[in-house]
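Reader: I would like to check the terms behind this model. Please show it to me.

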Amino acid sequence: MKRTSIALALLIPCLIAAKPAAAVDEVGLGIKLGDASGLSSKFWLSENSAVDVGASWSLDGNDDFQINSDYLRHDYGRFDEVEDGALGLYYGVGGRILFR
């Protein structure tokens, strides 16, 4: 529990202070359900790139906590047959830190 508290104390100010590039001005916030459950956010850097950040904890009683972040590229030209809206292919690279 102590490690979880420390990790949350470090992560929450980063999530609050982080903001997307001025050109996009969009942030997505969400929740993750399952094992591990937690919070997620996505910060758009441009029309085609974003960074997502998440914090999750285990619900099975072993007190595991993890943080993750990914850099994502979005390609909205791959699926032209979508009639309404846009269906994008996205890919990227990222990492995860697991606290046990």
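Author: What follows sets the terms against the values.

Author: This is a predicted model: local features need pLDDT of at least 70, side-chain atom pairs count only at pLDDT 80 or more, and totals for chains, interfaces and linings use all residues. Residues are numbered from 1 along each chain as its sequence is written, and side-chain values use heavy atoms, with hydrogens and water left out.

Reader: What makes up the secondary structure of the protein chain?

Author: One helix and five strands. Helices are DSSP runs of H or I with at least four residues, strands are runs of E with at least two, and both are numbered from the N terminus. Along the sequence the pattern reads α-β-β-β-β-β.

Reader: How do you know that strand 1 and strand 2 pair?

Author: Two strands pair if DSSP finds at least two bridges between them. Strand 1 (residues 27-32) and strand 2 (residues 37-44) share six bridges and run antiparallel. The pair therefore meets the definition. Gly30 has Ser40 as its bridge partner in strand 2. Lys32 stands opposite Gly38. The hairpin of these strands has four residues between them, and Gly34 takes a positive phi near 130° there.

Reader: How many bridges join strand 2 to strand 3?

Author: Eight, and strand 3 (residues 49-57) runs antiparallel to strand 2. Lys42 and Asp52 are bridge partners. Strand 2 and strand 3 also form a hairpin, with four residues between them.

Reader: In what order do the five strands form the open sheet?

Author: The order is 1-2-3-4-5, with antiparallel pairing.

Reader: Why is one side of strand 1 and of strand 5 left without a neighbour in the sheet?

Author: Strand 1 and strand 5 (89-99) stand at the edges and each has a single partner strand, so one side of each has no neighbour. From one strand to the next, the twist averages 15°. Axes here are lines fitted to C-alpha atoms, for helices over the stretch in contact, and angles run from 0 to 180 degrees between N-to-C directions.

Reader: What share of the protein chain counts as buried?

Author: Of its 100 residues, 24%. Buried means under 20% relative accessible area, with a 1.4 Å probe and protein chains only.

Reader: What share of the contacts joins residues at least 24 apart?

Author: The share is 35%, among contacts between residues at least 6 apart in sequence. A contact means heavy atoms within 4.5 Å.

Technical notes. Buried means under 20% relative accessible area, exposed over 50%, partly exposed in between (1.4 Å probe, protein chains only).
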